[in-house]
Amino acid sequence: MYIKFFYYINQCIKNKKNFSVRINKNNEIEIPKSGYIVSITPLINIDMNINEIIKYITLTKNIEIDDKLYKLYLGGWFNKDKLYCDISIVTDSKEEAIQIGKHCNQEAIYNINKKEVIYI
């Protein structure tokens, strides 16, 4: 059922490529193509290992923040060959991403279009 999802994640990890991915309602992988990625990990009360994150985002799929519904993504990025995973959302608004990022005590958000980290 999730073969493509796990294959995609494994390929990203093998190649040390950052990723943001989710399973949509049709059980297909969904990769955001534009907008701003924000880690919302502090809002989720689970053990933040990759298995628990995958379980959470595949079962929950969405989160409501300030009366707005967001899709949940498994995010992974590398820093000095170490993999870090989180739960993130994507929004089209830079201002909204910064506001949510600050609320979640994040140091930065990610602009998908420009492939750049924006420190907040």
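Student: What makes the meeting of the Glu-30 and Arg-22 side chains a salt bridge?

Tutor: The N to O distance is 3.6 Å, and a salt bridge takes a side-chain nitrogen of Lys or Arg within 4 Å of a carboxyl oxygen of Asp or Glu, so the pair qualifies. Mind that this is a predicted model: local features need pLDDT of at least 70, side-chain atom pairs pLDDT 80 or more, while totals for chains, interfaces and linings use all residues. Side-chain values use heavy atoms, without hydrogens or water, and residues are numbered from 1 along each chain as its sequence is written.

Student: Which residues are linked with Arg-22 in a network of salt bridges?

Tutor: Glu-30 and Lys-71 join Arg-22 there.

Student: Why is Glu-96 called buried or exposed?

Tutor: Buried means under 20% relative accessible area, exposed over 50%, partly exposed in between (1.4 Å probe, protein chains only). Glu-96 has 18%, so call it buried. Its salt-bridge partner Lys-68, with closest N and O atoms 3.3 Å apart, has 37% and is therefore partly exposed.

Student: And what about Asp-81?

Tutor: At 58%, Asp-81 is over the cut-off, so it's exposed. Asp-81 meets Lys-16 in a salt bridge too (3.7 Å, N to O).

Student: How do you know which span is expected for H1?

Tutor: Helices are DSSP runs of H or I with at least four residues, numbered from the N terminus; H1 has twelve. The expected span is 1.5 Å times one less than the number of residues. H1 reaches 16 Å from first C-alpha to last, close to the 16 Å expected.

Conventions. Helix = DSSP H or I, 4+ residues; strand = E, 2+ residues; numbered from the N terminus.
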